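This report describes a molecular structure for a reader who is new to the subject. Please look over the sequence and the model before reading on.

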2 protein chains.
Amino acid sequence: MLKQETLSKNQQIVLDFIEKVNEPIKAYSILHNVQKKGIKAPLQVYRALDKLVEIGKIHKIESRNAFVACKNSNCQISKATAFSICESCEEVSEISDSKLSKYLKNFQDKAGMKFNKYNLEFFGLCKKCSIK
Amino acid sequence: MLKQETLSKNQQIVLDFIEKVNEPIKAYSILHNVQKKGIKAPLQVYRALDKLVEIGKIHKIESRNAFVACKNSNCQISKATAFSICESCEEVSEISDSKLSKYLKNFQDKAGMKFNKYNLEFFGLCKKCSIK
DNA sequence: TACACAATGTTATATTATAACAATTAACAC
DNA sequence: GTGTTAATTGTTATAATATAACATTGTGTA
């Protein structure tokens, strides 16, 4: 079989929902919201999430155990991800900064390890919450 | 009360164990290993972990739900952490690279968010696993 | 058609983490 | 020392996150 071009039913249902909410959402919250579409079990959600992460349609916010749609339309595979997270309102934005990504892609650690992926999470206060 | 200078009993037990194993370890694995010291319940471990993370004695590897002792003796508070993770053997090393940390501390995102913390995880193959 | 593999459906269970509440201990002001 | 406050502990129960195992169905293609 050639590399999958189209999403399967469950994958599409999960992706549609994640794209609709437009903010990080947790697996069981997705489950509750797509039960009317016929997805009944956690595993169905997790399997779709795994695939969507793998093909770069969504990202996992590790520190929050939540998933968010990828905004970089050309992001095929999640090899280089960076997010800003507001510790007050929990708003999460994907950072797309070519200088940052270039810097990190080229980073060489002292142990000479070969990197093929990274994930960076910044924490702080977003503009709205800074004012309060 | 002044800021705590010494660790409490449970905190010390948990820290001692994490420092001894010298690699990332999970909360329930810690629990199993310190039961002989009188720690019986998950909460006792998680409370100690929370405190130790807060004061910078250990770090959490978010993508692995594991905890590791801080190697930077002067790392008082975990505001700037970077790790390399081997996806084959799961070896984790803390990266201390002053250029990298300076670059990230000064990073300004386009939304003008004020950062006070970041966590970066690199994934790849360590030297040993590259050879195989 | 037949093969291989991806995806699904389903039940059960493993793993990670917190809520709630009572009791005890430690630091400090007086 | 006494009283006050906050940190820590102990304990039971439960919430939240994630995977194992296995049977079945769909889909592309040789």
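With 14 C-beta neighbours inside 10 Å, B:Lys37 counts as partly exposed, because a residue is buried if 20 or more other C-beta atoms (placed from the backbone) lie within 10 Å of its own, exposed if 12 or fewer do, and partly exposed in between. B:Lys37 belongs to the loop that joins α2 (27-34) to α3 in chain B. From B:Lys37 to B:Cys129 there are 92 residues in sequence and 36 Å in space, C-alpha to C-alpha.

The model is predicted: local features need pLDDT of at least 70 and side-chain atom pairs count only at pLDDT 80 or more, whereas totals for chains, interfaces and linings use all residues. Residues are numbered from 1 along each chain as its sequence is written, while chains are lettered from A and ligands numbered from 1 in the order in which they are written.

**Chain A as a whole**

Chain A contains 5 helices and 5 strands; helices (H or I, at least four residues) and strands (E, at least two) are DSSP runs, numbered from the N terminus. Their order along the sequence is α-α-α-β-β-β-β-α-β-α. The C-alpha trace of chain A spans about 50 × 45 × 25 Å along its principal axes. Of its 132 residues, 29% count as buried. Two residues are in contact if their C-beta atoms, placed from the backbone, lie within 7 Å. Among the contacts in chain A with a separation of 6 or more, 55% come from residues 24 or more positions apart.

**Helix α3 of chain A**

α3(A) has 13 residues and reaches 18 Å from its first C-alpha to its last, close to the expected 18 Å; the expected span is 1.5 Å times one less than the number of residues. Its buried residues are A:Val45, A:Ala48, A:Leu49 and A:Leu52. Seen down the helix axis, these buried residues of α3(A) fall within an arc of 105° (taken from the directions from the axis to the C-beta atoms), so they line one face of the helix. The face turned away from that buried side carries the exposed residues A:Leu43, A:Asp50 and A:Glu54. The cover over the buried residues of α3(A) includes α1 (9-21), α2, β1 (58-61) and β2 (66-69) of chain A. After α3(A) comes A:Gly56, with a positive phi near 85°.

**Two surfaces compared by class**

A residue is near a strand if its C-beta atom, placed from the backbone, lies within 6 Å of it. DNA strand D is surrounded by 24 residues, and the closest are A:Asn65, B:Ser8, B:Asn10, B:Ala41 and B:Leu43. The elements that give two or more residues to this surface are α2 (27-34) and α3 (42-54) of chain A, together with α1 (9-21) and α3 (42-54) of chain B. α3(B) gives the most, with 6 residues.

Between the chains, 27 residues of chain B are in contact with 27 residues of chain A. On the chain B side, α4 (98-105), β5 (114-125) and α5 (127-131) each give two or more residues, and β5(B) gives the most, with 12 residues.

In the table, Ala, Val, Leu, Ile, Met, Phe, Trp, Tyr, Cys and Pro count as nonpolar, Asp, Glu, Lys and Arg as charged, and the others, Gly among them, as polar.

| Surface | Nonpolar | Polar | Charged |
|---|---|---|---|
| Near DNA strand D | 12 residues | 7 residues | 5 residues |
| Side of chain B that touches chain A | 13 residues | 8 residues | 6 residues |
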